Amino acid sequence: MTTSTFDDVARAARTLEGVARRTPVLTSRSLDAVAGARLSLKAECFQRTGSFKIRGAYNHVSSLDDDVLRRGVVTISSGNHAQAVALAAQLAGTSALILMPLDAPPGKRAATEAYGAEVRTFDRYAEDRDELLAAAAAETGRHVVHAYDDERVIAGQGTVGMELLEEAGELDVLVVCVGGGGLISGCALAAKAMSPGTRVVGVEPEERPAARSALASGGPVKVPVPATLADGQQTANVGRRNHAVMASHVDEVVGVPDAEIVSALRLLFERAKVVVEPSGASALAAVLSGRVAFEPGARVGVTLSGGNVEAARLAKLLA
């Protein structure tokens, strides 16, 4: 297992030029007042496919040689990485097989299929993701594009943090949502290289302590997959490569309950007129609810990781 570096992130940024959007960094006096900080919100809800995931997926798929591309690619995802791999495969002229949970949001499945991917479903609460993915790769001969435990994916996701720091300048704290760990490990590499004094804090659903357990125990720990609104953070563990970066570059991980995620989602919609999905609001939720410590007036960067939420679900969440 090799260890990702900031140089990998910088190379990924060059690869993604003209493919991934340079998403805006938003500010809001209203949200600053609630948080007691100067917030810089990296709005990946405006990214292609609606989340940051295209960065890592394209950085990986674009590196594959022709023999591998002829076989096609396969991954497993609740929706955002699924869409990203489907689009990356389309751009690379290859095919994609996606394994998606039965309870994945219908809009995410529809978007994945619209990019030309084949979708197979599974029960996320009863079946092991890693085993299913390995079996599908062995059966089809397709190349695996892992959602987070992969150096090329980590490097691609790190361009989120790189762009945020380039625009916002040095930060006191960078707050990033954590599922499998691709985004936070990449962003942490960027933060510690570009702004060494920045504290990097991860946020995961309160009922899914996978990242907190990994940092406490010194390695990935599998936890029961919880029922949470934050479907993009329902992985049972962080990846080995992700943990290797997190152990040396991430200062803390905190948990946030669904109710606080919904409050942040609503506040972001009402005050900043920005729509995010529950996972996309989790980092901001931890900041607004006081779960992340910082001095009054601190410069705080926050990832809004995705905006793939259907209108009916959004209305229900906001009601």
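This is a short group-meeting talk on how the helices and sheets of one predicted model fit together.

Hi everyone, thanks for coming. Please keep in mind throughout that we are looking at a predicted model. I'll go through the two sheets, then the helices, and end on one glutamate.

Let's begin with the six-stranded sheet. This sheet is open, its strands follow the order S1-S2-S10-S7-S8-S9, and the pairing is mixed. Which strands sit at the edges? They are S1, residues 25–26, and S9, residues 252–256, and each of these pairs on one side only.

Now walk in from the S1 edge with me. S1 and S2, the latter covering residues 37–43, run antiparallel and are joined by two bridges. If you want a residue pair to click on, Val25 is opposite Lys42 of S2. The next step takes us from S2 to S10, and here the strands run parallel, with seven bridges between them. Ala43 is a handy marker for that pairing, as it stands opposite Leu304 in S10. On we go to S7: S10 and S7 also pair in the parallel sense, over three bridges, and you can find Val175 opposite Val302 of S10.

How many of the seven residues of S10 are buried? Six of them are, so the strand counts as mostly covered, with buried meaning under 20% relative accessible area.

The second sheet has four strands. It is open too, the order is S5-S4-S3-S6, and the pairing is parallel. Its edge strands are S5, at 118–122, and S6, at 143–144, each with pairing on one side only. S3, residues 73–76, is linked to S6 by two bridges in a parallel arrangement, and Val73 faces His143 of S6 across that pairing. S3 is joined to S4, residues 96–101, by four bridges, again parallel, with Ile76 opposite Leu99 in S4.

S3 is also a nice strand to look at side-on. As a reminder, side chains in a regular strand alternate between the two faces of the sheet. In S3, Val73 and Thr75 are on one side, Val74 and Ile76 are on the other, and all of them are buried, so both faces are covered.

Now for the helices, and I'd start with H8. This helix lies across S1, S2, S7 (173–177) and S10 (298–304), and runs at about 135° to S2.

H8 also packs against other helices. Take H1, residues 6–16: the axes of H1 and H8 are 8 Å apart, at an angle of about 90°. The two helices are therefore roughly perpendicular to each other. On the H1 side the contact includes Phe6, Val9, Ala13 and Leu16, and on the H8 side Ala155, Gly156, Thr159 and Met162 are among the residues involved. Sorted by class, that contact has eight nonpolar, three polar and one charged residues.

Then there is H9. H8 spans residues 151–168 and H9 spans 182–194; their axes come within 7 Å and cross at roughly 45°. That angle makes H8 oblique to H9. Is the crossing left-handed or right-handed? It is right-handed. Among the H8 residues that meet H9 are Ile154, Val160, Gly161 and Leu165, while H9 brings residues including Leu183, Cys187, Leu189 and Met194. The residues of this contact divide into 10 nonpolar, six polar and one charged.

Over at the S9 edge, H10, residues 210–217, lies across S8 (199–205) and S9, and runs at about 150° to S9. H11, residues 240–249, has Arg241, Asn242, His243, Val245 and Met246 buried. What do those buried residues of H11 pack against? Their partners are H8, H9, H10 and S9.

Let me finish with Glu163, which sits in helix H8. Why does Glu163 count as buried? Because its relative accessible area is 11%, and the cut-off for buried is under 20%. And which residues does Glu163 touch? Leaving aside residues up to four places away in sequence, Glu163 touches Arg21, Arg22, Thr23, Lys42 and Arg55. Lys42 should sound familiar: we met this residue in S2, opposite Val25.

That's my tour. Thanks for listening, and I'm happy to take questions!

How values were computed:
Residues are numbered from 1 along each chain as its sequence is written. This is a predicted model: local features need pLDDT of at least 70, side-chain atom pairs count only at pLDDT 80 or more; totals for chains, interfaces and linings use all residues. Side-chain values use heavy atoms; hydrogens and water are left out. Axes are lines fitted to C-alpha atoms, for helices over the stretch in contact, and angles run from 0 to 180 degrees between N-to-C directions. Angles under 35 degrees count as roughly parallel, over 145 as roughly antiparallel, 65 to 115 as roughly perpendicular and the rest as oblique. A crossing is left-handed if the near helix is turned anticlockwise from the far one by less than a right angle, and right-handed if clockwise. Contact means heavy atoms within 4.5 Å. Ala, Val, Leu, Ile, Met, Phe, Trp, Tyr, Cys and Pro count as nonpolar, Asp, Glu, Lys and Arg as charged, and the others, Gly among them, as polar. Two strands pair if DSSP finds at least two bridges between them. Buried means under 20% relative accessible area, exposed over 50%, partly exposed in between (1.4 Å probe, protein chains only).
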